[in-house]
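Please read this report with the sequence and the model side by side. A few parts of the chain are taken up in turn, and each term is explained where it is needed.

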Amino acid sequence: MTWHGKSPVRTNSHLAVLGALWSLAVASGCAPTPLHAQVVPVSFGRYALDSWRAQDGVRLAYTSNLVLTRDGYLWLSCESGVTRFDGARFKVFDGAVAPALRGRPRLQTVPLLEDGDGKLIIGTDLGLLAYANGTIRPAELNATFQIDQVNAATVDAKKTVWAVTRSGRVFSIPHRGKLHEVAGTILSYSGSSLSVDPTGDVWIAAGQNAVYRVHNDSLTKVDFPTGARVDDPNRAYAAADSSVWFGTPTAVIQWRHGRVTRFDLPKQDALGAVSTIAAAPDGALWIGTHGAGLYRFMDGRFTNFSTRDGLSDDRVIDILPDASGNIWVATRDGLNRFRPVPFDVVTSRTGLPTALPGGMRRDASGVTWLAPPTGGLFAGTVDAGNAAFRQVEAVRNYDRVTALAAGANGGIIAGRLLGSVSRFRDRAGPAQSLIDRLPPVTDIHEDADGVLWIGTWRGLFRLSAPGARDSLTARDGLPDDFIHRIHRDAGGTLWVATQTGIARAIGPRETRFATQAMPENGATRATVLFEAPRGTVWLGSAEGLTRVSGGKPAHLTVSHGLPDNWIGAAEQDADGNLWLGQLAGLTRVRVPELAAIADGRASALTTVTTYAVLDGLPGGDPGAWPHPWSFTTPQGALWFAMGHGIAMVTPNRVVQGTRAPAMHIEELMIDGAGVPLTQPIDVTPRSRRVEIRYTGADLTNGPRVRFRYQLVGFDTTWTDVGTQRVASFTSLAPGHYKFRVAGRAANGGWGVEEASVAFLVSAPVYRRPWFLAAVTALVALLLWTAHLGRLATQGAAVREERSRLAREIHDSLLQGFSGIALELHAASARLALPAAQQQRLDHVLSLIDRTLVQAREVVWDIRQPGETGTEFVAGCEAAGHRIFGDTDTTFRVDVTGQPSRLTPRVQRECLRIVEEALMNIRKHAASPDALVEVQFRWSEVAVAIRDSGAGFDSGDAARQSGHWGLLGMRERASRIGASLILQTAPGAGTVVMLVVPTRRRLLRKFFGG
């Protein structure tokens, strides 16, 4: 293909190649990542239908009554047991897990109701059973129920339970009261239906033209007015508006304030007798039949829904509306849920000409135009959920519509793959050719003055008048020639997004462009350009959302809270919400929050709400072309073309809040074995794995409930685990733990309600406190024994050394002094000395004798260290009298406190210090008196030796050589841990203070120190 000037020239032989290349570009470069199949929901008015059968885990061969308990679970029958449903998973209670159901493989079970205490009452051919706290037990009501099975029951506002048996007996059980049989028996009983009206009366449909009523505990047959034709009523339902509805083989009959109104059912080839009735919160009456499927009756009109429409079976057993607006339907072959959706949806089942709408645009007259990716062009209207379209342009190979735009003066403008652009004034008239022989058309925009802008694969074309056109390319300021999107904002600026960037038109004729700055790493390949709010232009692409104008450039992705990066459509509602068309469905976010993140004032989106297939959207991944695939009607409704239909959003009808799921701990398993949750849980040291299974009961969005948990004692923060419903922990350290789990719905915040379970991981024996204490005591005992042995060995060595010293002193010094004493005594006896000399010799002999006595005492102390000999006070008195006996010095000893024994070593050292101090008084003090004060205190003994003599300068005494008495006293005091204090001055006397600690000495002795 070659270009000359501003007019493209190409040969027809290139058309097929061009078409193939364009298709490839759309499928690869311009389209999102590879598409994945989605489950297409079945829509029924404003409901989406979901069905579960045996292959889905419900194990249903036959279903019966549906019961919704206050803990959020739905209950239904299964083979020989009951099944519990949390919105995502089924759990079966049969003989394998419930001992009360064992041994009865053919057991018939019917969940009946939840009583006033929250127990689920189950009717069986064994009698009545009750389920509570994970356990099924027999309900002690009446033994006759084993042979006359209760197969229908209800509870009134006073929590009184009413029940009817197969034989027609009626019972009442007051809350926490005793069973009472109502007098009288239902005759011609062939049904199993009863209902309580707002006044407390019980209505029973018994078949064969019989309806009974229990009023004030009295059973009476109801007489209908003549001609009412209440033929064979086998179902009764008391509505909140005081109406009582009865189902018959051919009609539903309303009884209200004595007036009977009959509504005949549509005629069906199948068995159409009424099997069950229930009223929905919106006032619609839902009617099940024995073979004609399901009816929805509202405003006098019946709408049938059967297996042709996705119902699991046409034999309906029970219907149960819940508080969230869901309608649960049990059939003979499965469980069904009619889920209210916040959108109106049209699909090929309700009139769309094709399953994939593709490009979609609405003209000024209200006609919707569709350009499917499979080719062709269609125009039509959508009314009350039904679509009516006619084909305006046939399907053409290699030349399908790729762009649509609303005409400035009405009608629609269509651009095609082979470069032609046409105008359609209405859906009935012929197309008006505007231009052809262009490159493949990607987008179109027409201004109010009729100027037409056409984006193509080879530049932008501007048609200002017939035959007057401009071809604008990169030479005119565009980032490149591959045009993706065109948008004129509210301020009149024309924006053009290309393959590599975005530019705005400048100049009076808008034939020049200025490239707009883009954020670093921002997206450029636009799938949509839009404005939100006025003055702020955004670019949506496969890589996220980019702000182009109205603030600094910014790029938002999943890291900022978007559920998906791919954005193909955007519409703003009147409340300031931006709705984005994404691969997963629709996303709603507040526009001010987007601006806050783009400005850097916030880091993540907090108001994001996502809607997907489970919310009733038609599903399927849309493509980037044909374009566009969204618009807003003058009434404010937002339309989005999706992969399998069109979703119409009325913002004020979309539910803003979402109920948090009811949280439950379902099971705790230790090494694969379940443990009861109703008792203290102790995990033994040998256990390696603790597994906790939990759920959040949400009967609307069960599979999309998200969870976070925290194991207190192990985790410091919450862990977001998405939709995971099991937590496993291995090799937990000993200690107390508490598992907490919270949940949130797909479009809601974290619920306040939590479920928790506490357990204890026991420590092994060798890590328990008593064991550690015992081991510590044993080690201490062993160390003490070893220490005592060491002390004994050291004591033996000390005693041996003492004995040796004693022998040496006795055999050498003592014997020598004894010999000297004997010789001196002999000499004294032989010599005749003068009296004065004899007196001095006698004194020497007396001193030698005393020295020998003391030496013998020392030998005795060495050999017998455990004995102290003379008491300390007595020793002080003896030393004083010996030293001052032949002088004029007055001496005395004063004692205060309770005397206590000193150890031999301490006593000996103290006596030597006292003797040295007294000797110094005699030699140097010239004192007329000497006093020894002994104070026995709790933790010490204080000894003070006082005199009133000459005193001395303690500094000069320390410097004199040859005088070692004071130094010797200090050394002796240091050896026994005592302190010695000297107080003296020339002419002021002297005080020697000795303080001996006794408790520390005792402790040292006790510990061998």
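What follows describes a sheet, a helix and a single residue.

## About the model

This is a predicted model, in which local features need pLDDT of at least 70 and side-chain atom pairs count only at pLDDT 80 or more, while totals for chains, interfaces and linings use all residues. Residues are numbered from 1 along each chain as its sequence is written, and side-chain values use heavy atoms, with hydrogens and water left out.

## An open sheet

Four strands (DSSP runs of E, at least two residues, numbered from the N terminus) form an open sheet in the order β25-β26-β27-β28, and their pairing (at least two DSSP bridges between two strands) is antiparallel. Because β25 (274–279) and β28 (301–305) each have a single partner strand, they stand at the edges, and one side of each is left without a neighbour in the sheet.

Strand β25 is joined to β26 (residues 285–289) by 5 bridges, and Ala278 stands opposite Trp286 in β26.

## Helix α5

In helix α5 (a DSSP run of H or I, at least four residues), the buried residues (under 20% relative accessible area, with a 1.4 Å probe and protein chains only) include Phe872, Val873, Cys876 and Ile883. The buried residues cover an arc (taken from the directions from the helix axis to the C-beta atoms) of only 160 degrees, which puts them on the same side of α5.

## Ser541

Ser541 lies in strand β50 (residues 537–541), and it counts as buried because its relative accessibility is 0%. Leaving aside neighbours within four places in sequence, Ser541 is in contact (heavy atoms within 4.5 Å) with residues including Ala523, Arg525 and Trp566.

Methods. Buried means under 20% relative accessible area, exposed over 50%, partly exposed in between (1.4 Å probe, protein chains only).
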